[in-house]
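Got your viewer open? Load the model and follow along, one selection at a time.

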Amino acid sequence: MNFLSYLTDQELAILSYALAPLTILFLVLGIREILFPLIAFKKTDATFVAADHLPAAPHIYHVSFAYEIDGEPYESTTRDTYDEHAVQKRFNNEMPQHIYYRKKDPTFIKTSRSSAIMLGIVSLLIGAGLGAIDLYLFGMLVMPC
(Lines give C-alpha, C1' and ligand atoms only; values in the text may rest on other atoms or scores of the structure.)
Protein backbone atom coordinates (compact mmCIF):
# COMPACT_ATOMS: atom_id res chain seq x y z
CA MET A 1 0.00 0.00 0.00
CA ASN A 2 1.24 3.46 -0.89
CA PHE A 3 1.92 5.88 1.99
CA LEU A 4 0.47 8.74 -0.06
CA SER A 5 -2.90 7.00 -0.17
CA TYR A 6 -3.49 8.19 3.40
CA LEU A 7 -3.36 11.83 2.31
CA THR A 8 -6.35 13.67 0.91
CA ASP A 9 -6.21 15.37 -2.50
CA GLN A 10 -5.96 18.77 -0.84
CA GLU A 11 -3.03 17.63 1.32
CA LEU A 12 -1.28 16.19 -1.76
CA ALA A 13 -1.72 19.50 -3.58
CA ILE A 14 -0.29 21.44 -0.63
CA LEU A 15 2.67 19.05 -0.43
CA SER A 16 3.27 19.36 -4.15
CA TYR A 17 3.16 23.17 -4.10
CA ALA A 18 5.49 23.20 -1.07
CA LEU A 19 8.05 21.04 -2.91
CA ALA A 20 8.05 23.17 -6.07
CA PRO A 21 10.01 26.15 -4.61
CA LEU A 22 12.49 23.82 -2.94
CA THR A 23 13.05 22.01 -6.22
CA ILE A 24 13.68 25.27 -8.07
CA LEU A 25 15.95 26.53 -5.28
CA PHE A 26 18.13 23.40 -5.31
CA LEU A 27 18.33 23.37 -9.11
CA VAL A 28 19.29 27.05 -9.34
CA LEU A 29 21.83 26.78 -6.52
CA GLY A 30 23.29 23.64 -8.09
CA ILE A 31 23.78 25.34 -11.44
CA ARG A 32 25.28 28.39 -9.75
CA GLU A 33 27.69 26.31 -7.65
CA ILE A 34 28.88 24.47 -10.75
CA LEU A 35 29.28 27.47 -13.04
CA PHE A 36 30.55 30.16 -10.63
CA PRO A 37 33.92 28.53 -9.83
CA LEU A 38 34.49 27.79 -13.51
CA ILE A 39 33.69 31.34 -14.64
CA ALA A 40 34.89 33.54 -11.76
CA PHE A 41 38.22 31.86 -10.95
CA LYS A 42 41.29 31.59 -13.14
CA LYS A 43 44.19 29.19 -12.71
CA THR A 44 47.80 30.25 -12.18
CA ASP A 45 51.05 28.89 -10.77
CA ALA A 46 52.16 30.04 -7.35
CA THR A 47 55.00 29.48 -4.94
CA PHE A 48 54.32 28.27 -1.42
CA VAL A 49 55.34 30.94 1.11
CA ALA A 50 54.22 29.89 4.58
CA ALA A 51 51.65 28.08 6.65
CA ASP A 52 50.30 30.13 9.57
CA HIS A 53 48.46 28.25 12.30
CA LEU A 54 45.28 29.54 13.87
CA PRO A 55 45.67 30.99 17.38
CA ALA A 56 42.97 28.80 18.90
CA ALA A 57 43.98 25.64 17.01
CA PRO A 58 47.73 25.21 16.51
CA HIS A 59 47.23 22.10 14.34
CA ILE A 60 45.13 23.94 11.70
CA TYR A 61 46.78 26.20 9.15
CA HIS A 62 46.05 28.86 6.55
CA VAL A 63 48.44 28.64 3.60
CA SER A 64 50.08 31.66 1.90
CA PHE A 65 51.24 31.82 -1.70
CA ALA A 66 53.18 34.27 -3.87
CA TYR A 67 52.14 34.57 -7.50
CA GLU A 68 52.17 36.94 -10.42
CA ILE A 69 49.26 38.12 -12.56
CA ASP A 70 49.95 40.22 -15.65
CA GLY A 71 53.39 41.11 -14.33
CA GLU A 72 52.06 42.33 -10.99
CA PRO A 73 53.19 40.37 -7.89
CA TYR A 74 50.68 39.22 -5.27
CA GLU A 75 50.93 37.37 -1.99
CA SER A 76 47.73 36.01 -0.47
CA THR A 77 46.54 33.62 2.18
CA THR A 78 43.80 31.09 1.54
CA ARG A 79 40.59 31.16 3.52
CA ASP A 80 40.61 27.38 3.43
CA THR A 81 42.14 25.56 6.38
CA TYR A 82 44.41 22.53 6.31
CA ASP A 83 45.75 20.20 8.96
CA GLU A 84 49.49 19.78 9.57
CA HIS A 85 49.75 16.57 7.55
CA ALA A 86 48.06 18.08 4.50
CA VAL A 87 50.32 21.13 4.61
CA GLN A 88 53.48 19.02 4.76
CA LYS A 89 52.32 16.55 2.12
CA ARG A 90 50.74 18.93 -0.35
CA PHE A 91 52.49 22.29 -0.07
CA ASN A 92 56.00 21.83 1.38
CA ASN A 93 57.86 21.21 -1.84
CA GLU A 94 59.72 23.37 -4.31
CA MET A 95 57.36 22.73 -7.23
CA PRO A 96 54.93 25.48 -8.25
CA GLN A 97 51.39 24.93 -6.99
CA HIS A 98 48.26 25.47 -9.03
CA ILE A 99 45.96 27.97 -7.36
CA TYR A 100 42.78 29.67 -8.51
CA TYR A 101 42.39 33.42 -8.10
CA ARG A 102 39.22 35.42 -8.49
CA LYS A 103 39.27 37.52 -11.66
CA LYS A 104 37.73 40.60 -10.00
CA ASP A 105 39.82 40.32 -6.82
CA PRO A 106 43.17 38.56 -7.42
CA THR A 107 43.93 38.45 -3.70
CA PHE A 108 41.05 36.00 -3.11
CA ILE A 109 42.54 32.58 -3.82
CA LYS A 110 41.56 28.94 -3.56
CA THR A 111 43.67 25.84 -3.89
CA SER A 112 40.88 23.81 -5.46
CA ARG A 113 37.58 24.32 -7.26
CA SER A 114 36.47 20.71 -7.01
CA SER A 115 34.70 20.97 -3.64
CA ALA A 116 32.44 23.78 -4.88
CA ILE A 117 31.67 21.92 -8.10
CA MET A 118 30.89 18.71 -6.19
CA LEU A 119 28.57 20.68 -3.91
CA GLY A 120 26.78 21.95 -7.03
CA ILE A 121 26.41 18.43 -8.40
CA VAL A 122 24.94 17.22 -5.10
CA SER A 123 22.54 20.17 -5.07
CA LEU A 124 21.46 19.35 -8.63
CA LEU A 125 20.84 15.72 -7.68
CA ILE A 126 18.76 16.75 -4.65
CA GLY A 127 16.80 19.17 -6.86
CA ALA A 128 16.24 16.45 -9.47
CA GLY A 129 15.02 14.04 -6.78
CA LEU A 130 12.65 16.61 -5.33
CA GLY A 131 11.49 17.45 -8.84
CA ALA A 132 10.72 13.80 -9.55
CA ILE A 133 8.72 13.52 -6.34
CA ASP A 134 6.93 16.76 -7.17
CA LEU A 135 6.06 15.59 -10.68
CA TYR A 136 4.81 12.32 -9.22
CA LEU A 137 2.55 14.22 -6.82
CA PHE A 138 1.21 16.35 -9.70
CA GLY A 139 0.45 13.14 -11.56
CA MET A 140 2.76 13.99 -14.46
CA LEU A 141 5.22 11.19 -13.69
CA VAL A 142 4.31 7.56 -13.16
CA MET A 143 6.69 5.60 -10.97
CA PRO A 144 7.12 1.92 -11.76
CA CYS A 145 5.85 -0.32 -8.99
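**From the whole chain to one residue**

Start with contacts across the whole chain. In this predicted model, 58% of the protein chain's contacts with a separation of 6 or more join residues 24 or more positions apart.

Now switch to cartoon and color by secondary structure. You should find 3 helices and 6 strands in the protein chain. Walk from the N terminus and the order reads α-β-β-β-β-α-β-β-α.

Next, zoom out and show just the C-alpha atoms. Along the principal axes, they fill a box of roughly 65 × 35 × 25 Å. The radius of gyration is 23 Å, while a compact globule of 145 residues would come in near 15 Å.

Turn on the surface. The protein chain exposes about 9900 Å², and 63% of that comes from carbon and sulfur atoms. As for the inside, 30% of the 145 residues are buried.

Color by charge while the surface is up. There are 11 positive and 15 negative charges to pick out, and the mean positions of the two sets sit 6 Å apart.

Last stop: select residues 114–138, which is helix α3, and go to F138. Is F138 buried or exposed? Neither label fits: F138 counts as partly exposed because its relative accessible area is 41%, between the 20% and 50% cut-offs.

Keep F138 selected and add S16 and Y17. Leaving aside residues up to four places away in sequence, F138 touches both S16 and Y17. Draw a distance between the C-alpha atoms of F138 and S16: the pair is 122 residues apart along the chain, yet the separation is 6.6 Å.

Conventions. Residues are numbered from 1 along each chain as its sequence is written. This is a predicted model: local features need pLDDT of at least 70, side-chain atom pairs count only at pLDDT 80 or more; totals for chains, interfaces and linings use all residues. Side-chain values use heavy atoms; hydrogens and water are left out. Helices (H or I, at least four residues) and strands (E, at least two) are DSSP runs, numbered from the N terminus. The radius of gyration is taken over C-alpha atoms; the globule rule is 2.2 Å times the number of residues to the power 0.38. Buried means under 20% relative accessible area, exposed over 50%, partly exposed in between (1.4 Å probe, protein chains only). Contact means heavy atoms within 4.5 Å. Accessible areas come from the Shrake-Rupley method with a 1.4 Å probe; for residues, only the protein chains shown count as cover. Lys and Arg count as positive and Asp and Glu as negative; His and the chain ends are not counted. The place of a charge is taken as NZ of Lys, CZ of Arg, CG of Asp or CD of Glu.
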